[in-house]
Amino acid sequence: YRAKKQAEVMSGDAGRITYTFSPAGLDMSRGKEYAMHEWNTIEKIVEVQNCFYFYLTKNSAFVIPKEDIEGDTGDFKRLLSGSGVGKQKLLK
């Protein structure tokens, strides 16, 4: 029951997570909730064909679909390049 209720909440606008990337790090907000992850807390970034994985630990990552990135993905990749986070590029 709890999982079903959580899925219902997450499917609406209230469950939408907004990610903001800056030279300082990655900001996340959902409704009144907010979290900031500085680049030095991100273990690695993996780019695949249709998304980016931002790993906080070996087994925990945020997934950002490329189609959801506003603006030029080249600018986004340049920001990531300057972050100092280790990256792996696994494009297919």
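A salt bridge is here a side-chain nitrogen of Lys or Arg within 4 Å of a carboxyl oxygen of Asp or Glu. The model on display is predicted, and it holds 5 salt bridges.

Begin by selecting Glu47 and Lys77, whose side chains meet in such a bridge at 3.0 Å, N to O. Glu47 belongs to strand E4 and Lys77 to helix H2, so this pair ties together parts that are 30 residues apart in sequence. Colouring by accessibility separates the partners: Glu47 is buried, at 8% relative accessible area, whereas Lys77 is partly exposed, at 30%.

Add Lys66 to the selection. Its closest approach to Glu47, between N and O atoms, is 2.8 Å, which forms a salt bridge. Lys66 sits in the loop between strand E6 and helix H2, 19 residues from Glu47. Glu47, Lys66 and Lys77 are thus linked in a network of salt bridges.

Remain on helix H2 and select Asp75 and Arg78, which lie 3 residues apart, about one turn of the helix. Their side chains form a salt bridge at 2.4 Å, N to O. Arg78 is exposed, at 53% relative accessible area, while Asp75 is partly exposed, at 45%.

Next, display strands E1 (residues 18–22) and E2 (residues 25–30), which run antiparallel and are joined by 5 bridges. The two strands form a hairpin with 2 residues between them, and Thr18 stands opposite Ser29.

Finally, select Asp27 in strand E2. Which side chain of opposite charge is nearest to Asp27? It is Arg30, 15 Å away; Asp27 is buried yet has no salt bridge. The Asp27 side chain instead makes a polar contact with that of Tyr34, at 3.1 Å. Other residues touched by Asp27 include Thr18, Tyr19 and Met36.

Definitions and conventions. Residues are numbered from 1 along each chain as its sequence is written. This is a predicted model: local features need pLDDT of at least 70, side-chain atom pairs count only at pLDDT 80 or more; totals for chains, interfaces and linings use all residues. Side-chain values use heavy atoms; hydrogens and water are left out. Two strands pair if DSSP finds at least two bridges between them. Helices (H or I, at least four residues) and strands (E, at least two) are DSSP runs, numbered from the N terminus. Buried means under 20% relative accessible area, exposed over 50%, partly exposed in between (1.4 Å probe, protein chains only). Lys and Arg count as positive and Asp and Glu as negative; His and the chain ends are not counted. A polar contact is a pair of N or O atoms within 3.5 Å; within protein, one must be able to donate a hydrogen and the other to accept it, and residues adjacent in sequence count only if both atoms are side-chain atoms. Contact means heavy atoms within 4.5 Å. Lists of a residue's contacts leave out its neighbours within four places in sequence.
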